[in-house]
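User: I'd like to learn how to read a protein model like this one. Could you walk me through it, one feature at a time?

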Amino acid sequence: MGAPGSGKGTQAQRLVKHYGIPHISTGDILRKHKDEGTPLGLRAKEIMAAGGYVDDQTMLDIIRDRLTQADTASGFILDGFPRTIAQAEGLQTLLAEIRKPLDAVVLLEVDNDQLVKRLSGRRVCELCGKVFNVHSAPPSVPPDCVQGRAEHQVVQRADDSEATVKERLRVYEEKTRRPVSGFYTYTGLVRTVDADGDIDAVTQRLFDTLRAGGGTAPAEKAAAPRKRAPQRRAKASKKASSRPAARRPVRKAAKKAAPKKRRKSAKARKATRKPVRKAARRAGASRARRKSKR
Ligand code: AMP
C-alpha cells in the first residue's frame with residue numbers, strides 16, 4: 001500500500017527480483033486492458049484519467065483470476081490492491097479459500113508535497129515502459145531503450161497531470177490509507193516504511209522491516225493450516241521431553257540426598273539399638289526376678 005507516487009511499483013519490482021515471485025500490479029493489469037482496447041480497458045481508461053477507482057467487484061474478479069494461476073504457488077506481491085475496505089474483505093475471503101495467507105502488509109509513507117513533485121515529474125518510455133523522473137532520474141543519454149536500438153520515447157501518463165494527481169491523492173487518503181491500513185491493523189501484519197528520499201535507502205528500509213517481522217493474520221491462519229505446524233509440534237514435543245531431562249539433576253540430587261539420609265538413620269538406629277537391648281535385658285532381668293520371687 002502507498003499513495004500514488006510513493007514508489008510502490010519500483011519497490012515491488014525489487015522485492016519480486018529478490019524473492020522470485022510474481023508482481024501483481026492492478027494498475028498494470030488495467031493499463032494492459034486499456035492498451036488492448038478490451039471492454040474493461042475502455043471503461044477503466046476514463047476512470048483512471050479522472051483519478052477515480054475502478055469498481056470493487058471488477059477488481060476482485062481480476063485478483064481471483066490472477067491469484068489462482070500456478071505461478072503464485074510460492075507467493076506473490078500485490079501492488080495497488082486492495083484499495084478499499086470491500087476489496088480487503090474480498091481478498092481475505094479469497095485468500096482463506098485458496099489457502100494463501102498474507103505475510104505482511106507494507107505501507108509506504110511519503111510527504112504529500114513530495115508526492116505531487118514525484119508524480120508530476122514522472123515520465124514513462126512508450127517503447128520499453130521504463131520509468132523516469134524529470135527531477136531525479138532523467139532519461140539516459142546516450143539512448144539505451146530496447147537494448148540500445150532506439151531512443152526512449154518519454155511521455156507523461158494521463159493520470160500524472162497535476163489536477164488528476166491531486167484527485168488521486170484525495171481519493172487515496174479517503175478510501176485507502178486510513179480505512180485499509182486500519183482494516184489490517186488488527187492482524188499485526190502492517191509494516192510502515194518511510195518512503196521519502198533515495199530509492200535504494202527506501203529498499204534497504206523495506207527489507208530491514210520485512211526481515212524484522214512477519215506472521216500470519218489470525219483469521220487466515222485458522223483457515224490455512226501451514227505446513228510448518230507439524231514441525232512446530234515436533235519441536236514442542238521435543239521441548240516437552242526435554243523438560244523432565246532438565247528436571248533430572250534435581251531428582252538426582254534428591255536421590256543423592258536420600259541415601260545419605262538413610263545411612264545417617266542406619267547409624268542412628270545402630271546407636272539407638274543398645275538402649276533398646278539394654279531395656280530388653282532390663283525387662284528380661286525383672287521378669288527373672290519376678291519368676292524367682294514366685
Ligand atoms: P496505480 O498504477 O496502482 O497507481 O493505478 C492506476 C489507476 O488504476 C488508479 O488510479 C485507479 O484508477 C486504477 N486502479 C488500480 N488498482 C486499483 C484498485 N485496486 N481498485 C480500483 N482502482 C484501481
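**Cysteines, ligand and overall fold**

Analyst: Happy to! A search of the whole structure turns up zero disulfides, a disulfide being a pair of cysteine sulfur atoms within 2.5 Å. Keep in mind that this is a predicted model, where local features need pLDDT of at least 70 and side-chain atom pairs count only at pLDDT 80 or more, while totals for chains, interfaces and linings use all residues. Residues are numbered from 1 along each chain as its sequence is written, and side-chain values use heavy atoms, leaving out hydrogens and water.

User: Why is cysteine 125 not bonded to cysteine 128?

Analyst: The sulfur of cysteine 125 has its closest cysteine sulfur in cysteine 128, but the 3.7 Å between them is too far for a bond. Cysteine 128, likewise, is in no disulfide.

User: Is cysteine 125 buried or exposed?

Analyst: Relative accessible area decides this: buried means under 20%, exposed over 50%, and partly exposed in between, using a 1.4 Å probe and protein chains only. Cysteine 125 counts as buried because its relative accessibility is 2%. Cysteine 128, at 38%, counts as partly exposed.

User: Where is cysteine 125 in the fold, and which residues is it in contact with?

Analyst: Helices (H or I, at least four residues) and strands (E, at least two) are DSSP runs, numbered from the N terminus. Cysteine 125 belongs to strand 4, residues 122-125. Contact means heavy atoms within 4.5 Å. Leaving aside neighbours within four places in sequence, cysteine 125 is in contact with Lys130, Phe132, Cys145, His152, Gln153 and Val154. The C-alpha atoms of cysteine 125 and valine 154 are separated by 4.2 Å, although these residues are 29 residues apart along the chain.

User: Now the ligand. How many residues surround the ligand?

Analyst: A residue is near a molecule or strand if one of its heavy atoms lies within 4 Å of it. Here 15 residues surround the ligand, and the closest are Thr26, Arg31, Gly52, Gly80 and Arg83. Helix 2 (residues 26-36) gives the most to this shell, with four residues.

User: Which polar contacts does the ligand have?

Analyst: A polar contact is a pair of N or O atoms within 3.5 Å; within protein, one must be able to donate a hydrogen and the other to accept it, and residues adjacent in sequence count only if both atoms are side-chain atoms. One ligand nitrogen is 2.8 Å from an N or O atom in the side chain of arginine 83. A ligand nitrogen is also 3.1 Å from a polar backbone atom of valine 54, and a ligand oxygen is 3.3 Å from an N or O atom in the side chain of arginine 168. On its own the ligand has 470 Å² of accessible area (Shrake-Rupley method, 1.4 Å probe; for residues, only the protein chains shown count as cover), and the protein covers 96% of that.

User: What does threonine 26 touch?

Analyst: Threonine 26 is in helix 2 and counts as buried, at 2% relative accessibility. Its side chain reaches the backbone oxygen of glycine 80 at 3.1 Å. Not counting residues up to four places away in sequence, threonine 26 touches Met59, Ile63, Asp79, Gly80, Phe81 and Arg83.

User: And how many helices and strands does the protein have?

Analyst: The protein has 10 helices and seven strands. Of its 294 residues, 33% are buried.
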